[in-house]
Amino acid sequence: MNTKYKPAIHFNDVTYTINDNVILKRITGSFPEGKITTLVGPSGAGKTTLLKLCNHLISAGSGEIYIKDKAIEQYEPVELRKLVGMALQSAPMVEGTVFENLSLPLSLQGEKLDPKEAEELLEDVGLGKEYLHRSSTDLSGGQRQKVSIARTLVNRPKVLLLDEITSSLDFASLHEIEELISKINQKYGTTIIWITHNLKQALLIGNYTWVMMDGEVIETGESSLLESPVNEKVRRFVKGEAE
Amino acid sequence: MTYLTLSITLIFVVIPLVLSKTLRLGLEKDTIVATVRSIIQLLAVGFILKFVFDSDSLIYIFLMVTLMIIVATHNAKRKGASIKGITWKVGLTLVLIEVLTQSILLGFQITPPTAQYIISISGMVIGNSMVLAILFLNRFTSEIEAHQEQTELVLSLGGTPKQAIHSQLIKSIKASMIPTIESQKTVGLVQLPGMMSGQIIAGADPIQAVQFQLLIMFLLLTTAAVTSTMLGFLSYPTLFNNRMQLLKNR
């Protein structure tokens, strides 16, 4: 699929098992560079596992993963994780202020974040500079997600992995985050891989969509596939009958 | 104290037994087992110590201390069963504590190099170190489980395993050291240490007993700090592989 675009990440026959349970079965496919690909599917389909493989938080049991045409094992872990950033579903914060959270990626490398840059990052995610010195414990769910995304952006990743970042947000915050991700994608040409349970969101935001079930990729293509899926299982899932 | 008067002290065992029976606590069997075991174990140790003290042989001292370290290691390692190689890590920590404390005590001639001193102090140091190791491992494994997402967050942002586990490691080291520090803050005000009380009852000069107790307390501070720190820094690398991934099956 997506042969007209250069792949940012390519999976070749990737299987992942844990304690004899097959979580991902023979996954093959590419995530096009500079595009937004949404991952949809019922809980337990293996979507988060797939993202963790991309960030190399876990390794595949068999098969190969290529990041920008280079085998994932050939990257230094730190170099790879700066290249492929990840925002987690629960947006975990470290103790301290928003600025300390934004500084985390650089402080891990022994560097300091310029407060001006921190303000710009906050502005990018739709938060004012007054949030900079606010404690991370005082943030709402939506604000935490925005800070989490901004923190991931500090490393200027070429690929951004988003794990259900809008699942617990109200409509207004959800809309803001959708706009923000589209803006990041367009402004920096960042490749986005976004897990979502919201099929409307997948259709609206995604250029491409992977539908996953039981550790397998059932159907892939342009996100419009969700309007008229070919696969019967996907058709039932889209109708809300499969989950 | 005669064996007759010692047997009268069993009244203090009968009281909890009666309470347990009356309140249906179900602790009668455990209380009896604990009493019988403590009588057998302590009497056995008493006879062994008498033999070792009388012989004053370095080999017996070495064997006694080695036995203490083996038993303490076996006891502590169960709390860290999920950490790879925990037996040698706990064992090495206890050996280091023993070598460090005895080197200082004997090197500066603080205590004489006799079985009486070496074995008694080793027992306190190793015993305390074992309890601290259990406290530390208990807390550390809970922290890792509870904050797995925090660890993965730091790794996902390009942090090293040491950076990813730093906060959990520090919290666990502090948590295991706090009881030792806190108990020392109130010593003499709230409780009189058992060893000091024992010396005073045995007829020792209270000031001498206090001096010796202070020595033991300072030793235990070092024991607390070194045990948890060393065990922490020996343990955390085995939680990760060389690709900087947090291992699920540790």
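Helices here are DSSP runs of H or I with at least four residues, and strands are runs of E with at least two. The model is predicted.

**Exercise 1.** Find which residues of chain B carry the UniProt annotation "transmembrane region", and describe the secondary structure over residues 117-137 and 214-236.

Solution.
1. The unreviewed UniProt entry places this annotation on residues 57-76, 88-111, 117-137 and 214-236 of chain B.
2. Residues 117-137 of chain B are 100% helix and 0% strand. Their end C-alpha atoms are 30 Å apart.
3. Residues 214-236 of chain B are 96% helix and 0% strand. Here the end C-alpha atoms lie 33 Å apart.

**Exercise 2.** Determine whether the residues of strand 7 of chain A are buried or exposed, and which way each one points.

Solution.
1. The cut-off for buried is under 20% relative accessible area.
2. Strand 7 of chain A spans residues 159-163, and five of its five residues are buried.
3. In a regular strand, side chains alternate between the two faces of the sheet.
4. A:Val159, A:Leu161 and A:Asp163 point one way from strand 7 of chain A, while A:Leu160 and A:Leu162 point the other way.

**Exercise 3.** Identify the strands joined to strand 7 of chain A, and the connection from strand 7 to strand 8 of chain A.

Solution.
1. Strand 6 (residues 84-87) of chain A runs parallel to strand 7 and is joined to it by four bridges. A:Gly85 stands opposite A:Leu160.
2. Strand 8 (residues 191-195) of chain A is also parallel to strand 7, with five bridges between them. In this pair A:Leu160 stands opposite A:Ile192.
3. Helix 6 (residues 171-188) of chain A completes a right-handed β-α-β unit with strands 7 and 8 of chain A.

Terms used. Residues are numbered from 1 along each chain as its sequence is written. Chains are lettered from A and ligands numbered from 1 in the order in which they are written. This is a predicted model: local features need pLDDT of at least 70, side-chain atom pairs count only at pLDDT 80 or more; totals for chains, interfaces and linings use all residues. Side-chain values use heavy atoms; hydrogens and water are left out. UniProt positions are given in the numbering used here, feature names are shortened, and annotations may be inferred rather than shown by experiment. Buried means under 20% relative accessible area, exposed over 50%, partly exposed in between (1.4 Å probe, protein chains only). Two strands pair if DSSP finds at least two bridges between them. A crossover is right-handed if, with the strands pointing away from the viewer, the path from the first strand over the helix to the second runs clockwise.
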